[in-house]
Amino acid sequence: MKLDSLPIARKALAEIEARFPWLKLIEDRDAPVELGVTIPVQPRIKQEIWLCLQNYDELHFSVGHFCLGWFPCTDPERVSEYVDAVCGFIGGESRVIEQYRGDRCVKARLQVPDQGKWKTIGTWTRFSLPFPWRVTWNEVRNA
């Protein structure tokens with residue numbers, strides 16, 4: 001394990017906590033990752049959020065069907081992007097758009113506001129055949 005990864009991840013989580021002092025984070029010491037934290041549903045949090053350090057240098061953010069990693073965590077710019085993405089979602093400024101085929105989620109995009117429109121900053125996808133034809137969308141937002 002890179003010796004500097006865990007302190008970097010803890011510092012990133014501390015920054016998120018500092019921006020939202022009311023936020024309750026629960027560390028999961030049994031998770032199969034170097035550091036795993038759940039932000040449970042609570043006042044001002046509408047859905048569970050998962051944050052973790054895994055594979056020694058990847059900071060992950062997961063909400064709904066969306067999951068994305070920022071790496072390497074030894075790059076301060078990537079850590080800053082991660083903290084901003086998580087805080088943007090918690091603060092209600094950003095959103096996740098989930099795309100479904102039938103009742104199966106096949107794509108989820110993390111989007112931030114950009115000059116009156118939505119800009120995608122990360123995408124999670126799952127292989128899917130174009131069946132069923134019916135496509136629906138769901139917005140996951142903490143607003």
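This is a short tour of the cysteines and salt bridges in a predicted model.

**Stop one: the cysteines**

Start by selecting Cys 52 and showing its side chain. Which cysteine sulfur is nearest to that of Cys 52? It belongs to Cys 67, and the distance is 6.9 Å. A disulfide needs the two sulfurs within 2.5 Å, so Cys 52 is in no disulfide. Turn on a surface here and check the accessibility: Cys 52 comes out at 5% relative accessibility, which counts as buried.

Now pick Cys 73. Its nearest cysteine sulfur is that of Cys 52, 11 Å away, and Cys 73 is in no disulfide either. Is Cys 73 buried or exposed? With a relative accessible area of 2%, Cys 73 is buried. You can stop hunting for bonded pairs at this point, as a search of the whole structure turns up zero disulfides.

**Stop two: from helix H1 to strand E1**

On to the charged side chains. Side chains of opposite charge can pair when their charged atoms come close. In this model the count comes to six salt bridges, and we'll visit some of them.

Select Arg 10 and Glu 27. Their side chains meet in a salt bridge, 3.3 Å from N to O. Arg 10 sits in helix H1 (residues 5-19) and Glu 27 in strand E1 (residues 26-27), so this pair links distant parts of the chain, 17 residues apart. Both ends are partly exposed: Glu 27 has 30% relative accessibility, and Arg 10 has 38%.

Keep those two on screen and add Arg 29. Arg 10, Glu 27 and Arg 29 are linked in a network of salt bridges.

**Stop three: Arg 19 and its partners**

Go to Arg 19, also in helix H1, and select Glu 15 with it. The closest N and O atoms of this salt bridge are 2.9 Å apart. Why are the two separated by about one helical turn? Because they are four residues apart in helix H1. Arg 19 is partly exposed at 38% relative accessibility, and Glu 15 is partly exposed too, at 35%.

Leave Arg 19 selected and bring in Asp 84. These side chains also meet in a salt bridge, at 3.3 Å from N to O. Follow the backbone from each end: Asp 84 lies in helix H2 (residues 76-90) and Arg 19 in helix H1, so the pair ties together parts that are 65 residues apart in sequence. Asp 84 itself is partly exposed, with a relative accessible area of 41%.

Key. Residues numbered from 1 in each chain as written. Predicted model: local features only at pLDDT ≥ 70, side-chain atom pairs only at ≥ 80, totals over all residues. Heavy atoms only, no water. Buried < 20%, exposed > 50% of the residue type's maximum accessible area, 1.4 Å probe, protein only. Salt bridge = Lys/Arg side-chain N within 4 Å of Asp/Glu carboxyl O.
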